[in-house]
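Me: Please take a close look at how the helices pack in this model, beginning with a single pair and then moving outward to the core and to individual buried positions. I would like one connected account.

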Amino acid sequence: MSRIGSEAWGRQRGGRLTASEQAGLFLGLLGRRVSARLSRREGAAAGLADIDIALPDSALTRAALEHCVAECAPAIVNHSLRCFAWGTLLGARDNLGFDGEALAVASLLHDIELGRTGRRERFACTCFACAGAEGARGFLAAQTAHPPLIDRVCDAIALHLNPHVPPEAGGEAHLLNAAAALDVAGAGLSGLHREDRARVLVRYPRSGLKTHMIEAMGREHANAPDTRAGLLVRLGFRTLIGRAPFDG
C-alpha cells in the first residue's frame with residue numbers, strides 16, 4: 001500500500017480511511033503536538049529579510065496563480081500565497097533543498113477543491129486534497145509541465161493534510177505541509193522571527209481565512225466524513241483554527 005495521503009493512495013483508497021489508518025493518523029497528530037510543545041521557541045535566532053517571498057517569475061507559476069484566482073475565494077488565494085511565503089522561509093531557516101517553482105505551484109493549487117463537495121463526483125477520490133492533486137495533474141499536463149515536476153507538485157498537494165510529512169518525502173511536500181499547518185492553525189509560527197511573520201501577513205492579508213476554513217471543513221466533514229478532513233474535524237480541528245494566533 002502506498003503512503004497514506006499520497007496521490008497513489010488516493011487512487012487506491014478513494015481517499016477513505018480504514019479504522020487502522022484513522023488510528024495511525026490520530027497517533028501522528030498527538031505526536032506532532034507533543035513535539036511542537038517540547039521544541040517551542042520564540043522566534044528564530046535571526047530574521048530572514050534577505051529571503052524573497054515573492055512568487056518565482058515563470059510562465060507556469062503565473063498560470064497557476066491565474067487558475068487559483070479564477071477558482072478560489074480571496075481568502076484561499078491569499079492563504080495559498082502565504083503558504084509559499086511560509087514554506088520559503090521555513091526552507092531557508094532549516095537549510096532544506098527545494099524547487100521554488102514546484103513549491104509555488106503546489107501552494108497555489110493545494111486547496112482548490114477544499115469545501116467544494118458538490119463537484120467531487122468528477123474525481124476518483126472523495127478527499128479534497130487527493131481530488132485537488134488529481135485536478136492539478138490535469139491542469140499541469142495541459143500546461144505541458146515536465147512530468148517530474150508534476151509528480152512532485154501533486155504528491156505535495158495530496159500529502160499536505162497528513163499530521164507530518166518528512167523531508168524525505170520531498171522538500172516541497174514537507175514545506176507545504178508545514179506551511180499550511182502554520183497558516184491555518186499557527187503551528188510553528190513562533191519559530192519564525194517576528195519581522196518575518198509581519199512581512200508575510202502585511203504582503204498577503206488573511207482576508208477572513210478562519211471563517212472560510214471553518215465553514216469549508218464543516219462541509220468536508222458532512223459530505224466526506226471518512227476522509228482525513230473528516231477525521232480532523234472530529235478531533236476538533238475547527239476549534240484549533242478559531243484559536244490560531246491570527247486576527248482573522
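Reply:

**A pair of packed helices and its surroundings**

In this predicted model, helix H6 passes helix H7 in a right-handed crossing. The axes of H6 (residues 128-142) and H7 (residues 147-159) come within 7 Å and cross at roughly 160°; because angles over 145 degrees count as roughly antiparallel, H6 and H7 are roughly antiparallel to each other. On the H6 side the contact is made by Ala129, Cys130, Gly132, Ala133, Ala136, Arg137, Leu140 and Ala141, while H7 contributes Ile150, Asp151, Val153, Cys154, Ile157 and Ala158. By residue class, this contact of H6 with H7 divides into eleven nonpolar, one polar and two charged residues.

Two residues of that contact, Leu140 of H6 and Val153 of H7, reappear in the description of the largest nonpolar core, which has 73 residues. The residues with the most contacts inside this core are Trp86, Leu109, Leu140, Val153, Met213 and Met217. Helix H4 (residues 74-93) supplies the largest share of the core, namely ten residues. Trp86, with residues up to four places away in sequence not counted, touches Ala179, Leu182, Asp183, Leu189, Leu192, Asp196, Arg197, Val200 and Leu201.

Leu109, also listed among the core residues with the most contacts, leads to another helix pair. The axes of helix H3 (residues 59-71) and helix H5 (residues 100-109) come within 9 Å and cross at roughly 10°, which makes H3 roughly parallel to H5. Here Leu60, Thr61, Ala64, Leu65, His67 and Cys68 of H3 meet Glu101, Ala104, Val105, Leu108 and Leu109 of H5, and the residues of this contact divide into eight nonpolar, two polar and one charged.

Helix H5 also holds Ser107, which has a relative accessible area of 0% and is therefore buried. When neighbours within four places in sequence are left aside, Ser107 is in contact with Ser80, Cys83, Phe84 and Leu176.

A charged residue can be set beside this serine: Glu21, placed in helix H2 (residues 19-38), has a relative accessible area of 9%, and because buried means under 20%, Glu21 is buried. Leaving aside neighbours within four places in sequence, the contacts of Glu21 are Ile4, Trp9, Arg13 and Arg16.

Notes: Residues numbered from 1 in each chain as written. Predicted model: local features only at pLDDT ≥ 70, side-chain atom pairs only at ≥ 80, totals over all residues. Heavy atoms only, no water. Helix = DSSP H or I, 4+ residues; strand = E, 2+ residues; numbered from the N terminus. Buried < 20%, exposed > 50% of the residue type's maximum accessible area, 1.4 Å probe, protein only. Contact = heavy atoms within 4.5 Å. Axes fitted to C-alpha atoms, helices over the stretch in contact; angles between N-to-C directions. Parallel < 35°, antiparallel > 145°, perpendicular 65-115°, else oblique. Nonpolar A, V, L, I, M, F, W, Y, C, P; charged D, E, K, R; others polar. Core = buried A, V, L, I, M, F, W, Y, C linked by side-chain atoms within 4.5 Å. Left-handed = near helix turned anticlockwise from the far one by under 90°.
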